[in-house]
Amino acid sequence: MRELRDALAAFLHCKRDELAIVRNATEANNVVGNGLDFQAGDEVLLTDQEHPGGRCCWEQRAARHGLKLNTVALPKPPASAAQIVELFERALTPRTKIIVFSHITTVTGVILPAKQICTMARAKGVLTHVDGAHAIGQIPLDLHDMGCDFYGTSPHKWVMAPKGTGTLYVREELLERLWVNIATTNWRNFDLKAYRFSTFGTSNLSVMVGLKAALDFFQQIGAERIYARQHQLATLVRDRISMHPQVKVVNASADAKNHEFFGALVSFEPVPAVPAGATTGPLKKIADECAARNIRIAGGAERIRIATNIFTLPTELNAFFDAVEAGLRG
Ligand SMILES: Cc1ncc(COP(=O)(O)O)c(C=O)c1O
């Protein structure tokens with residue numbers, strides 16, 4: 001475990017003592033959501049694109065302890081990092097204790113300017129918890145440079161590690177402020193540092209061996225090379241989809257030279273937008289064309305999100321583009 005934590009700490013640019021190995025991002029998010037001593041009336045600022053695995057622990061705290069949840073509506077697409085930071089800053093109140101946001105959202109795949117948000121929050125005395133479930137392995141990460149207080153990940157996604165593996169970063173100064181969610185021996189042994197949060201009874205060590213193997217494989221290719229390939233493929237999607245006025249890419253700026261808001265996920269929605277739960281429209285036609293070509297997609301009429309991993313083949317993307325073009329012609 002020490003070897004694994006050392007390798008992960010080097011990968012994420014933090015100290016081993018700040019890193020707990022948990023089972024997934026949902027667990028990491030819950031350790032933070034349930035582990036901080038907030039009072040009724042204290043406020044939490046989230047975005048409107050949080051995954052249930054990052055949002056529901058706060059909903060439970062609201063129902064159970066009277067916390068108030070506020071939400072920033074993320075622009076689709078964002079115009080600039082400054083615009084996003086300003087939205088967060090304007091939504092702060094004197095009772096805001098923590099900002100909780102996804103580094104890369106599950107809904108659209110937009111990359112949020114994590115360092116700028118954390119810097120702004122720190123200057124205001126507000127904590128930050130970043131849900132990096134989709135970020136680890138999709139974009140290179142440097143947690144110390146980011147300046148977040150807490151950061152959770154699910155390496156079973158883009159690092160292709162076994163399911164049941166996750167990480168939680170806790171900034172060193174905050175280690176003793178966080179209560180454990182699952183208490184057993186050593187629950188108050190602060191000498192364990194972040195390892196206190198990995199102490200939850202007998203668990204599955206074999207997947208940890210798998211996580212180390214996945215990380216070794218990833219490092220053998222290199223985070224920067226992997227990002228370059230994944231983003232190159234995503235850029236093909238962004239550029240091809242942007243050619244069609246019936247749809248709009250919602251996580252990439254209209255400026256084709258701007259690459260800051262998308263990594264390896266590209267999402268698009270119909271123009272004009274369809275109501276939530278709609279079952280018709282241009283994206284439904286694209287979904288039908290995909291089905292006819294045996295391309296399986298989740299979702300449909302409201303939004304389509306494409307993920308380009310290193311194993312995605314350009315020929316697969318071309319098959320999808322054919323479906324898009326046939327759907328939009330029809
Ligand atoms: C941003 C975000 N947070 C949390 C999760 C939940 O991940 P897990 O099931 O690995 O805990 C996801 C899954 O897609 C996600 O995208």
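These are my notebook entries on pockets, cavities, salt bridges and a surface patch in a predicted model.

**Entry 1: pockets**

I started with the largest pocket. I read its volume as about 880 Å³. The lining counts 27 residues, and those closest to the centre are Arg296, Ala298, Arg305, Ile306 and Ala307. I checked which elements contribute. Strand β10 and helix α10 each give at least two residues to this lining. I then sorted the lining of the largest pocket by class: 14 nonpolar, 7 polar and 6 charged residues.

Next I took the second largest pocket, with about 340 Å³ of space. Here 17 residues form the lining, and His103, Ile111, Leu112, Ala114 and Ile139 are the closest to the centre. Two elements, α5 (114-123) and α6 (143-146), give two or more residues each. Of these, α5 gives the most, with 3 residues. The class split for the second largest pocket is 11 nonpolar, 2 polar and 4 charged.

**Entry 2: cavities**

I looked for enclosed space and noted 2 cavities of 30 Å³ or more. The largest cavity has a volume of about 80 Å³. I listed its lining, which includes Val22, Glu27, Val31, Arg196 and Phe200. By class, that lining has 6 nonpolar, 2 polar and 2 charged residues.

The second largest cavity holds about 40 Å³. Among its lining residues I noted Phe11, Ile139, Phe218, Ala223, Ile226 and Tyr227. Helix α8 (residues 223-241) supplies the largest share, 3 residues. I found no charged residues in this lining, which divides into 7 nonpolar and 2 polar.

**Entry 3: salt bridges**

I searched the whole structure and got 18 salt bridges. I followed three of them.

The pair of Arg95 and Asp42 came up with its closest N and O atoms 3.0 Å apart. Arg95 sits in the loop between α4 (81-91) and β4 (96-102), and Asp42 in the loop between α2 (25-35) and β2 (43-47), so the bridge ties together parts 53 residues apart in sequence. I compared the accessibility of the partners. Arg95 is partly exposed at 39%, whereas Asp42 is buried at 5%.

Then I took Lys124 and Glu89, whose side chains meet at 3.2 Å, N to O. Lys124 is in the loop between α5 and β5 (127-131), Glu89 is in helix α4, and 35 residues separate them. I noted Lys124 as partly exposed, at 46% relative accessible area. Glu89 is partly exposed too, at 35%.

Last, I checked Arg122 and Asp149, with closest N and O atoms 3.7 Å apart. Arg122 belongs to helix α5, Asp149 to the loop between α6 and β6 (150-153), and they are 27 residues apart. Arg122 is partly exposed at 39%. Asp149 has 1% relative accessibility, so I put it down as buried. I also saw that this pair is part of a salt-bridge network with Arg171 and Glu173.

**Entry 4: surface patch and a buried loop residue**

I noted a nonpolar surface patch of Met160, Phe217 and Phe311, with about 310 Å² of accessible area together. I placed Phe311 in the loop between β10 (304-307) and α10 (314-329). Is Phe311 buried or exposed? Its relative accessibility is 53%, so I count Phe311 as exposed.

Asn258 is also in a loop, the one between β8 (247-249) and β9 (265-270). I read 14% relative accessible area for Asn258, so it counts as buried. Its C-alpha is 9.8 Å from that of Ala79, although the two residues are 179 apart in sequence.

Methods. Residues are numbered from 1 along each chain as its sequence is written. This is a predicted model: local features need pLDDT of at least 70, side-chain atom pairs count only at pLDDT 80 or more; totals for chains, interfaces and linings use all residues. Side-chain values use heavy atoms; hydrogens and water are left out. Patches are made of residues with over 30% relative accessible area and no salt bridge: like charges are joined within 9 Å, nonpolar side chains (Val, Leu, Ile, Met, Phe, Trp, Tyr) within 5 Å. Accessible areas come from the Shrake-Rupley method with a 1.4 Å probe; for residues, only the protein chains shown count as cover. A salt bridge is a side-chain nitrogen of Lys or Arg within 4 Å of a carboxyl oxygen of Asp or Glu. Helices (H or I, at least four residues) and strands (E, at least two) are DSSP runs, numbered from the N terminus. Buried means under 20% relative accessible area, exposed over 50%, partly exposed in between (1.4 Å probe, protein chains only). On a 1 Å grid over the protein atoms alone, a cavity is a set of points where a 1.4 Å probe fits but cannot get out, and a pocket is an open set with protein on both sides within 12 Å along at least five of seven lines; lining residues have an atom within 4 Å of a point. Grid points are joined across faces, edges and corners, and a volume is the space filled by probe spheres set on the points. Ala, Val, Leu, Ile, Met, Phe, Trp, Tyr, Cys and Pro count as nonpolar, Asp, Glu, Lys and Arg as charged, and the others, Gly among them, as polar.
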